[in-house]
Amino acid sequence: MITLHEEAVVPRSARECFRYVADFRTTVEWDATAVLACKTSPGPVAKGTEFEVHCKAGPTTLKLTYEIIEYEPWHCLVLRGRGRLFDVTDTILFTERDDGTHISYTAEFQFSGALSPLLSAMEPGLHSMGKTSVEGLAQALTDANPLPESRPATQRADNWVVPGLAMFSKYGFRRGRRHWHPMSTSMKNKHVVITGATSGLGKAAAIALAEAEADLTLVIRDKKKGEQLRQDIAAETGWEQISLEIADLSLVSEVDALVERLRAKDRPIDVLINNAGALFGEYDVTSEGLERSFALLLMSPWRLTEGLHPLLAGHEQPARVINVVSGGMYTERLECDQLVMTPEHYNGPKAYARAKRGLTVLTEQWADAWATDGIVVNAMHPGWADTPGIGSALPTFHKITRSILRTPEEGADSIIWLARAREADTTTGKLFLDREIRTPYLLEKTRESKDERIKLPAFLSALYEQSKTEGQQAA
Ligand SMILES: NC(=O)c1ccc[n+]([C@@H]2O[C@H](COP(=O)([O-])OP(=O)(O)OC[C@H]3O[C@@H](n4cnc5c(N)ncnc54)[C@H](OP(=O)(O)O)[C@@H]3O)[C@@H](O)[C@H]2O)c1
């Protein structure tokens, strides 16, 4: 047997340290050898929770299955890992004191018979690995990361359409992940409003933010689905601070009513995630007379964000608005009079891309206008993720690309990072993919004119008034 023992003191509460380590998926953020980790048993992290961790071992990768065998909040955690070549028992003790939390980490390795003769040769390497890992853990819990740099290699790839598009796949996610900093910030007492949380990216983000203990307000249009979602999130995470707001976001009257309800509650909003969306293959108008892609993807986030400004402004720490756009917008240029397509010329992907381009421009405009109000506004696009939305809107694309699509969790990663990471409120008005700032234009011809940018808010206001009147007449 080889025993490693390391200690560290970190400037966090024992509760936060315990919760971070107990979710052993975080091991990839701090362990010297872990490259992949997932939770393999359902439900909140507790005694009995299982994880699968893949560790680098020379030229190969070893799979270990871990189980939490002791779980004494916020004091003691014991995990047992079993692998082909060795078993390991990790005992982690947390003691809160005036300057933070003292962490004592002991790992006991039991090697299989074949490796026993090599133990003495392996021991120094293991000790050094243990030291690096606990230093990594201390760094993760210190949570003082810089904003990720925009890497020259990414900028070069973005100058060429094909390499730029390759980043949308799961391989882009894997490439990006290699450069990330740990994310240990707690979301306790942070109020997060997410639209479109019943499936796909929104659901993945809601689960991850519930795991980080955010108080969630989920905006959904179907009460029954919403109740089921709330139960699902609570069952998976053990977190129950979840409110539901019902609104069909393609109707300005419902967006306005939602804004009114949230303002009446007067609960400050720390994070607003404009995620709800769909790509409509067929032309249709809402009961308020607006073409529905435009209504849902541009008018709705514009009204919602403008309306919630009083709840976002003036907090001690910047509030964050996150607009979920799409790589599809790279094909289109903002031209206000082309945003609302007519039935004769309707093309679903174009209508979708134009609206997302509009939301990207609004992101930059809000970022400038609200810089002194303590609100940061950023956009992200998820690449291509295998969600119900993409399956139903683009069945052929889905069939062809299925093997390279990201999971919903991978697609949602930058939403979660922009909502949670401490360093993510130090930038505003940017577009992100895989936690990295990306160009909003892959093609120079899609850059809008200054006049179109100036026209956009007034154009939206005029259509908003018009649809309100039309909705009232129809009622
Ligand atoms: N998946 C991708 O590869 C990809 C790529 C680029 C951008 N995006 C963007 O990512 C966001 C999430 O998409 P997704 O792929 O996760 O799709 P999804 O699985 O279809 O989820 C869309 C969500 O939006 C909600 N929604 C749709 N219409 C609504 C309405 N009128 N009122 C209220 N909620 C409404 C849906 O609610 P219901 O359950 O009630 O339908 C659902 O919760 C969208 O903005 C999408 O444009 C996705």
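How many cavities of 30 Å³ or more does the count come to? The count comes to two, and the views below start with them. Please keep in mind that this is a predicted model.

**View 1. The largest cavity, with a lining of 13 residues.**
Let's begin inside the protein. The largest cavity has a volume of about 90 Å³. Two elements give two or more residues to its lining, namely α10 (292-312) and α11 (348-369). Helix α10 provides the largest share, with five residues. If you want to find the centre of this cavity, look for N274, N275, A276, L296 and P301, the lining residues that lie nearest to it. Sorted by class, the lining has eight nonpolar residues, four polar ones and one charged one. How can a space like this be found at all? Rolling a probe the size of a water molecule over the atoms shows where empty space is left.

**View 2. The second largest cavity, of about 40 Å³.**
Which residues line the second largest cavity? They are D158, G164, F168, Y330, H381, L433, R438 and L442. Four residues of this lining are nonpolar, two are polar and two are charged.

**View 3. W417, a buried residue of helix α14.**
Find helix α14, which covers residues 408-420, and then pick out W417 within it. Is W417 buried or exposed? W417 counts as buried because its relative accessibility is 2%, and the cut-off for buried is under 20%. Leaving aside neighbours within four places in sequence, W417 is in contact with L147, P148, M183, R320, E423, A424, F432 and R435. For a sense of scale, compare W417 with E332: the two are 85 residues apart in sequence, and their C-alpha atoms are 27 Å apart in space.

**View 4. E436 and its polar contacts in strand β15.**
Strand β15 covers residues 436-438, and E436 is part of it. With a relative accessible area of 3%, E436 is buried. What does the side chain of E436 meet here? One polar contact, of 2.8 Å, joins it to the side chain of T154. A polar atom of the E436 side chain also lies 2.8 Å from the backbone nitrogen of R151. Beyond neighbours within four places in sequence, E436 is in contact with E149, S150, R151, T154, R175 and L431.

**View 5. Helix α6 and what covers its buried residues.**
Helix α6 spans residues 170-177. Which residues of α6 are buried? They are K170, G172, F173, R175 and G176. Among the elements that cover them are α4 (152-158), α5 (161-166), α14 and β15. You have already met R175, as one of the contacts of E436. A general point about helices may help as you trace this one. An α-helix has 3.6 residues a turn, so residues three or four places apart point the same way.

**View 6. The ligand and the residues around it.**
There are 29 residues around the ligand, and T198, S199, K225, Y352 and T387 come nearest. Three distances are worth finding here. An N or O atom in the side chain of T387 is 2.5 Å from an oxygen atom of the ligand. For K356, a polar side-chain atom lies 2.8 Å from a ligand oxygen. With G196 the backbone takes part: one of its polar backbone atoms is 3.2 Å from an oxygen atom of the ligand.

**View 7. A cis peptide bond between P73 and W74.**
Where is W74? Look in the loop between β4 (60-72) and β5 (76-82). The peptide bond that joins P73 and W74 is cis, with omega at about -25°.

**View 8. E213 and D434, non-glycine residues with positive phi.**
The last view brings together two loop residues. E213 sits in the loop between α7 (200-211) and β9 (215-220). The phi of E213 is positive, about 70°, although this residue is not a glycine. At 4% relative accessibility, E213 counts as buried. D434 lies in the loop between β14 (431-433) and β15. The phi of D434 is near 50°, again a positive value in a residue other than glycine. D434 is buried as well, with a relative accessible area of 5%.

Terms used
Residues are numbered from 1 along each chain as its sequence is written. This is a predicted model: local features need pLDDT of at least 70, side-chain atom pairs count only at pLDDT 80 or more; totals for chains, interfaces and linings use all residues. Side-chain values use heavy atoms; hydrogens and water are left out. On a 1 Å grid over the protein atoms alone, a cavity is a set of points where a 1.4 Å probe fits but cannot get out, and a pocket is an open set with protein on both sides within 12 Å along at least five of seven lines; lining residues have an atom within 4 Å of a point. Grid points are joined across faces, edges and corners, and a volume is the space filled by probe spheres set on the points. Helices (H or I, at least four residues) and strands (E, at least two) are DSSP runs, numbered from the N terminus. Ala, Val, Leu, Ile, Met, Phe, Trp, Tyr, Cys and Pro count as nonpolar, Asp, Glu, Lys and Arg as charged, and the others, Gly among them, as polar. Buried means under 20% relative accessible area, exposed over 50%, partly exposed in between (1.4 Å probe, protein chains only). Contact means heavy atoms within 4.5 Å. A polar contact is a pair of N or O atoms within 3.5 Å; within protein, one must be able to donate a hydrogen and the other to accept it, and residues adjacent in sequence count only if both atoms are side-chain atoms. A residue is near a molecule or strand if one of its heavy atoms lies within 4 Å of it.
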